Amino acid sequence: MAANEPGQPDPTPALTSRNLPTPTSALAIGAHPDDVEFGCGGTLAKWAADGCTVHHLILTDGSKGTWNPDADVAALAATRQVEQREAARRLAGERAGEVVFLGQVDGELESTLALRGEVARVIRVLRPQVVLGHDPWKRYRLHPDHRHAGLLACDGIVAARDPHFFKEHGLPHHRPDRLLLWEADEPNHVEDVTAFVDAKLAALEAHESQFESTMKAVDTAQMAAFADRIRTRLAGIATRYAQPGDGMTHAEIFRLITDL
Ligand SMILES: [Zn+2]
């Protein structure tokens, strides 16, 4: 669709910010192993290279991530934890922090009060400066885990920041400075990841169990095509938002919320 086609919404929303200062620590909250790498892998790799400690919180066990009806789902869940830890290492290297798994059943995640408490507990323990997660308000999103994971990230921040929520944690409250939501319904922030596309791809490629069902790639040529699709997507964002002389060729885009 042409950008200026009459009667169509402008597909290039105006941004209000770009390139946050590198935080000291970040916590990315994903529904499944691999969601964080898809959503914000380039940004996390960039920050880690500049000294940020990068933590992961994965809410479900990823046990539905196969097209094989006879798969051993317990073994798959164990494999996906190994893959997620390797992805975190590839993204952040020495700056890789904790990788926490809440182990909820894939496909059955709900934004309950109990899980909100568990997310708040992780935020209070790790005390990230920036939290990243799924945008729960992305319109027409089908996968319920992604909606609920987004709500849990937002609601977990509110619970973690206020001292009278979940006092039974016995932990000091913690208010992150910023929240970045990926797959944003109304993005307002861009991160230049030009030098970190390879790191994002390397982290995605740690999720070997997902090559068939998610990457749609079962051989070298198809993996190369997957990498090309990711590069093209990030380049498309950069093309829309680059400013003269900024050298940005690849970018990730978010909804930035600073009023936490
Ligand atoms: Zn997912």
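## Gly65 and its partner across the chain

Let's start with Gly65 in this predicted model. Its relative accessible area is 11%, so Gly65 counts as buried, even though Gly65 sits in a loop, the one between β3 and α2. Leaving out neighbours within four places in sequence, what does Gly65 touch? The list is Leu76, Arg80, Asp106, Ser209, Gln210 and Ser213.

Gln210 deserves a second look. Along the sequence, 145 residues separate Gly65 and Gln210, yet their C-alpha atoms are 6.7 Å apart. Gln210 belongs to another loop, between α5 (197–204) and α6 (220–241). Is Gln210 buried or exposed? With a relative accessible area of 2%, under the 20% cut-off, Gln210 is buried. Beyond four places in sequence, Gln210 touches Asp34, Gly65, Arg80 and Met215. Arg80 therefore turns up in both contact lists, that of Gly65 and that of Gln210, each drawn with heavy atoms within 4.5 Å.

## The overall layout

Stepping back, the protein has six helices and eight strands. Read from the N terminus, the order is β-β-α-β-α-β-α-β-α-β-β-α-α-β. Contacts reach well along the chain: of those between residues at least 6 apart in sequence, 81% link residues at least 24 apart.

How does the radius of gyration fit a compact globule? For 260 residues the expected value is near 18 Å, and the protein has 18 Å, so the two agree. Along the principal axes, the C-alpha atoms fill a box of roughly 55 × 45 × 40 Å.

## Inside and outside

Of the 260 residues, 48% are buried. The exposed surface comes to about 12200 Å², with carbon and sulfur atoms supplying 52% of it. As for charge, there are 27 positive and 37 negative charges, and their mean positions lie 5 Å apart.

## Two nonpolar cores

The largest nonpolar core holds 26 residues, and those with the most contacts inside it are Val36, Cys40, Leu44, Trp47, Leu132 and Leu180. Elements giving two or more residues to this core are β2 (25–30), α1 (35–49), β3, α2 (73–92), β4 (96–104), β5 (130–134), β6 (178–182) and β8 (251–257). Which of them gives the most? That would be α1, with six residues. Apart from this core there is another one of 24 residues, including Ala120, Leu126, Val131 and Ala159.

Leu180 makes a handy reference point. Setting aside residues up to four places away in sequence, Leu180 touches Leu20, Trp47, Val130, Val131, Leu132, Gly133, His189, Phe254, Arg255 and Leu256. Two of those names, Trp47 and Leu132, are also on the list of residues with the most contacts in the largest core. Val131, another contact of Leu180, is listed in the 24-residue core.

## His56 in strand β3

His56 lies in strand β3 (residues 53–60). Its relative accessibility is 0%, so His56 counts as buried. Who surrounds His56? Not counting residues up to four places away in sequence, His56 touches Leu27, Ala28, Val36, Glu37, Gln84, Ala88, Leu91, Glu98, Val99 and Val100. Val36 is also among the residues with the most contacts in the largest nonpolar core.

## Arg139

Arg139 is found in the loop between β5 and α4 (144–161). Outside its neighbours up to four places away, Arg139 touches Asp185 and Glu186. Ser213, which is a contact of Gly65, is 74 residues from Arg139 in sequence and 24 Å away in space, C-alpha to C-alpha.

## Two loop residues with positive phi

Most residues other than glycine have a negative phi. Asn19 goes the other way, with phi near 55°. Asn19 lies in the loop between β1 (17–18) and β2, and its relative accessible area of 35% makes Asn19 partly exposed.

Arg127 also has a positive phi, near 55°. Where does Arg127 lie? The spot is the loop between α3 (113–126) and β5. Arg127 is partly exposed as well, with a relative accessible area of 37%.

Notes
Residues are numbered from 1 along each chain as its sequence is written. This is a predicted model: local features need pLDDT of at least 70, side-chain atom pairs count only at pLDDT 80 or more; totals for chains, interfaces and linings use all residues. Side-chain values use heavy atoms; hydrogens and water are left out. Helices (H or I, at least four residues) and strands (E, at least two) are DSSP runs, numbered from the N terminus. The radius of gyration is taken over C-alpha atoms; the globule rule is 2.2 Å times the number of residues to the power 0.38. Buried means under 20% relative accessible area, exposed over 50%, partly exposed in between (1.4 Å probe, protein chains only). Accessible areas come from the Shrake-Rupley method with a 1.4 Å probe; for residues, only the protein chains shown count as cover. Lys and Arg count as positive and Asp and Glu as negative; His and the chain ends are not counted. The place of a charge is taken as NZ of Lys, CZ of Arg, CG of Asp or CD of Glu. A nonpolar core is a set of buried Ala, Val, Leu, Ile, Met, Phe, Trp, Tyr and Cys residues joined through side-chain atoms within 4.5 Å.
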